[in-house]
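Welcome! Have the sequence and the 3D view ready, and try each exercise before you read its solution.

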Amino acid sequence: MYIGIDIGGSHIAIGLFNNEKIMIKKIVKDINNTYSCDDILEYIILTIEEIQKEYSNSIISIGIGVPGIVSNGVWVKANYLKINNFPICKKLQEELKINVYVENDSNCAAIGEIVKGKTSYNNAVFITVGSGIGGAIIIDNKVICRDNSAIAEFGHVNYERNGLKCSCGNNGCFSQYASMKALRKRISDKLNIPIVNNNQVLELLKNNNEIAKEELAKQIECLKVLFGNIINILDPEAIIIGGGFAYFKEYFNFDFDNTKDKYVYNKNSTCKIIVTDLGNDAGIIGAAFQKTYR
Ligand SMILES: [Zn+2]
């Protein structure tokens with residue numbers, strides 16, 4: 001059996017998979033930015049020791065997806081958790097005596113799409129639009145990964161020179177305009193009510209709230225610019241959208257002709273813009289099976 005762990009800014013999700021790659025158990029714990037590396041480590045160790053007991057020590061490997069940059073088993077950096085060169089694989093291996101692998105969370109989500117997604121694109125771009133914006137590039141059914149690199153960090157591609165300050169330290173990054181966090185903040189500011197989660201935004205849209213509709217339209221237009229840029233660089237077979245934004249799919253329609261008219265050089269591009277059908281599980285699945293697909 002295999003374990004996949006998705007560590008996000010607001011949760012740790014642990015999934016147990018059988019040898020047919022089917023998830024048979026999932027445990028989710030909410031965390032916040034007061035959690036230290038040691039807190040995260042302790043929780044993972046305790047949970048996996050429990051699972052080992054329950055399934056008579058049958059775990060073959062543990063794969064972890066984390067935000068930020070990784071290198072050779074070390075979690076180098078994450079913007080919103082205070083991480084600095086944390087040797088997560090070594091520490092877990094010492095405690096649990098199981099092989100441990102770590103990879104960037106967006107890369108894991110893209111691997112999840114290769115392993116379990118209903119789509120069959122060998123060359124695609126996966127983009128997670130959540131609190132931030134992340135991404136991964138799939139070429140010949142493998143995700144491009146390299147130690148100490150931040151490949152396909154689409155959220156930090158520049159959208160507006162001298163624009164809004166980003167958590168990465170630069171100004172004007174796409175994530176400050178097109179992420180779910182940015183959308184929530186704009187609606188919150190305009191309506192003067194605290195918007196703390198995406199469900200509140202969905203509720204406003206359901207009730208035909210004009211401000212929510214307007215701000216969502218701005219986010220969609222901004223994403224079209226980003227998708228146009230991606231197509232101009234890679235012209236993939238598909239751009240697959242994941243993350244919290246995927247749950248808004250009844251409220252957007254990326255009319256590709258419209259995106260192409262305005263932002264794409266190759267008017268004959270056949271790139272499809274689609275939404276993942278794996279929801280948030282893509283990250284856990286990809287974390288578990290990362291070794292084979294990178
Ligand atoms: Zn940035």
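## Exercise 1: the zinc site

In sequence, the residues that donate to the zinc ion follow the spacing H-x9-C-x1-C-x4-C. The model you are looking at is a predicted one.

**Task.** Find the protein donors of the zinc ion and work out which arrangement they form.

**Solution.**
- Start with the donor atoms: they are ND1 of His156 and the SG atoms of Cys166, Cys168 and Cys173, 2.0 to 2.4 Å from the zinc ion.
- Next, take the angles. The four donor atoms subtend 105 to 120° around the zinc ion, so the arrangement is tetrahedral. The cut-off for this asks that all angles lie between 85 and 135 degrees.
- Finally, check accessibility. His156 has a relative accessible area of 29% and Cys168 has 26%. Partly exposed covers the range between under 20% (buried) and over 50% (exposed), so His156 is partly exposed, and Cys168 is partly exposed too.

## Exercise 2: the open sheet

**Task.** Trace the five strands of the open sheet and explain why β3 and β8 stand at the edges.

**Solution.**
- Write down the order: β3-β2-β1-β4-β8, with mixed pairing.
- Look at the ends. β3 (23–30) and β8 (99–104) each have a single partner strand, so one side of each lacks a neighbour in the sheet.
- Now compare directions: on average, neighbouring strands are turned by 15° against each other, direction ignored.
- Move to β1 (residues 2–7) and β4 (residues 61–66), which pair in the parallel sense over five bridges. Gly4 sits opposite Gly63 in β4.
- Last, add helix α3 (residues 105–116): it lies across β1, β4 and β8, and runs at about 100° to β8.

Key:
Residues numbered from 1 in each chain as written. Predicted model: local features only at pLDDT ≥ 70, side-chain atom pairs only at ≥ 80, totals over all residues. Heavy atoms only, no water. Pairing = 2+ DSSP bridges. Helix = DSSP H or I, 4+ residues; strand = E, 2+ residues; numbered from the N terminus. Axes fitted to C-alpha atoms, helices over the stretch in contact; angles between N-to-C directions. Contact = heavy atoms within 4.5 Å. Donors = N, O, S within 2.8 Å, 3.2 Å for Na, K, Ca; no water. Tetrahedral: all angles 85-135°; square planar, octahedral: opposite > 155°, others 65-115°. Buried < 20%, exposed > 50% of the residue type's maximum accessible area, 1.4 Å probe, protein only.
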